Amino acid sequence: MLRIRLQRRGRKKRPIYHVVVADSRSPRDGRIVEDLGRFYNLSTLNQLELDKDRAIHWLKKGAQPSDTVRSILKKQGLMYKMHLIRWGKSEEEIEAAMEEWREQRADEVEEKKEEASKKEQRRALLEAEEKEYQKQLQKKAEEAAKEKAKQEALASDEDEEEEDETTAEVAEEEPAEEEVVTEEAAETEEEVVAEEDKTEEVEAQAETEEEVEADAEAEAEVEKPEADEEEEQEAAEEETQEAEASDAEEAEEDEAEDEEEAEEEVTAEAESDEEPEDEDEEEAKVSTDMLAQEAIDHIENTPLEKLEGFVTDDEDRVTVQRAWETKQEEG
């Protein structure tokens, strides 16, 4: 079976493909039946040099094109012409159909070129808008830095003025403070002397009273009977019982307090489980806070009802406005 296929020629990294008719059993670079043309796929427009009449001749004889060659012949209209021939159309009908196909093909090619041109224009416009947006952000940052430096300079000047005023006030007040301190020191010395005299008198009286009390206690100890010792023992036992009772009461109170704290913790956990978690509301963003591509993606991927107020009146980028208008039309 004959096949119409490509045969690689040329040199390394610069191939040229020959459109040939060959036996399907022959190797790729083997013997061929006929050379139909050349295909330069490295050129911008995929340049093709083909003998169309001979290609139709071999197609009529049953030669089967490879997938790549079939695509090439289809773009040249040869596969369509073969169908017309097989349907038994006359030469006039075939020529009229081919003319109509060429016009339609030319319109499609022109539309593709226009679409490619529009895409290129949109890409260039988007890049220009992105650059302008970056310049505006840089300008705002520089202005903010200048304003901050200005405020810091003013604040430092005010601090220096306050320090100078404080230094002057301190220098004026120092002589007066020295006089006050001298007078206060003299008064303090007099008071200390008076207090020392009073302290000596009080200590003397206290020593006299202590001596009297010591004599009285010594006499009382001599006169105490043995019965006093028994009373002291009973009093000590009563104090021990009272201490044990008070310890038991404190233990009961501690247990009661522990139970109340446990109940309060359980109640607090239940209330925390019942309360819904507050979610931080994200601050609403507008298109002017984003890059043009980010704003366009957000508009395309967000429902229309959630985009209210996203595109503001300050938005002057054409690509973002177009995306917003398209979204409104679709919605």
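**Notes on the predicted model**

1. Start at the first hairpin. Strands S1 and S2 form it, with two residues between them, and Lys 13 there takes a positive phi near 65°. This is a predicted model. The two strands, S1 at residues 2–11 and S2 at residues 14–23, pair in the antiparallel sense over ten bridges.

2. The pairing goes on from S2. Strand S3, residues 34–40, runs antiparallel to S2, and five bridges join them. Val 19 is a good residue to follow here. Its bridge partner in S3 is Gly 37. In the S1–S2 pairing, Val 19 is the bridge partner of Leu 6.

3. Look next at Leu 6. Leu 6 sits in strand S1. Its C-alpha atom is 6.2 Å from that of Val 20, although the two residues are 14 apart along the chain. Leaving aside neighbours within four places in sequence, Leu 6 is in contact with Tyr 17, His 18, Val 19, Arg 28, Thr 68 and Val 69.

4. Is His 18 buried or exposed? His 18 belongs to strand S2. Its relative accessibility is 15%, under the 20% cut-off, so His 18 counts as buried. Not counting residues up to four places away, His 18 touches Arg 5, Leu 6, Gln 7 and Arg 9. The list also includes Asp 35, Gly 37 and Arg 38.

5. Step back to the whole chain. The protein chain has seven helices and five strands. From the N terminus on, the order is β-β-β-β-α-β-α-α-α-α-α-α. Of the 331 residues, 17% are buried. The chain exposes about 27,100 Å², and carbon and sulfur atoms supply 45% of that area. Take the contacts between residues at least 6 apart in sequence: 44% of them join residues at least 24 apart.

6. Now the interior. The largest nonpolar core has 16 residues. Ile 4, Leu 36, Leu 59 and Leu 73 have the most contacts inside it. S1, S2, helix H1 (52–60), helix H2 (67–75) and helix H3 (78–86) each supply at least two residues of this core. H1 gives the most, with four residues.

7. Which residues does Leu 59 contact, leaving aside its neighbours within four places in sequence? They are Ile 4, Pro 65, Leu 73, Met 79, Met 82 and Arg 86. Apart from the largest core lies another, of twelve residues. Leu 126, Ile 299, Ala 323 and Trp 324 are among its members.

8. Helix H6, residues 292–301, has four named buried positions: Ala 292, Ala 295, Ile 296 and Ile 299. Why are they on the same side of H6? They cover an arc of only 100° around the axis, and that puts them on the same side. The spacing rule helps: an α-helix has 3.6 residues a turn, so residues three or four places apart point the same way.

9. Last, check the confidence. The mean pLDDT of the chain is 78, and 71% of its residues reach 70 or more. Among the elements, strand S5 (residues 64–65) has the highest mean, 92, and helix H5 (residues 227–274) the lowest, 67. Over residues 274–282 the pLDDT is below 50. Beyond near neighbours in sequence, that stretch has zero contacts in the model.

Conventions: Residues are numbered from 1 along each chain as its sequence is written. This is a predicted model: local features need pLDDT of at least 70, side-chain atom pairs count only at pLDDT 80 or more; totals for chains, interfaces and linings use all residues. Side-chain values use heavy atoms; hydrogens and water are left out. Buried means under 20% relative accessible area, exposed over 50%, partly exposed in between (1.4 Å probe, protein chains only). Contact means heavy atoms within 4.5 Å. Accessible areas come from the Shrake-Rupley method with a 1.4 Å probe; for residues, only the protein chains shown count as cover. Two strands pair if DSSP finds at least two bridges between them. pLDDT is the predictor's confidence in each residue, from 0 to 100. A nonpolar core is a set of buried Ala, Val, Leu, Ile, Met, Phe, Trp, Tyr and Cys residues joined through side-chain atoms within 4.5 Å. The arc is that of the directions from the helix axis to the C-beta atoms.
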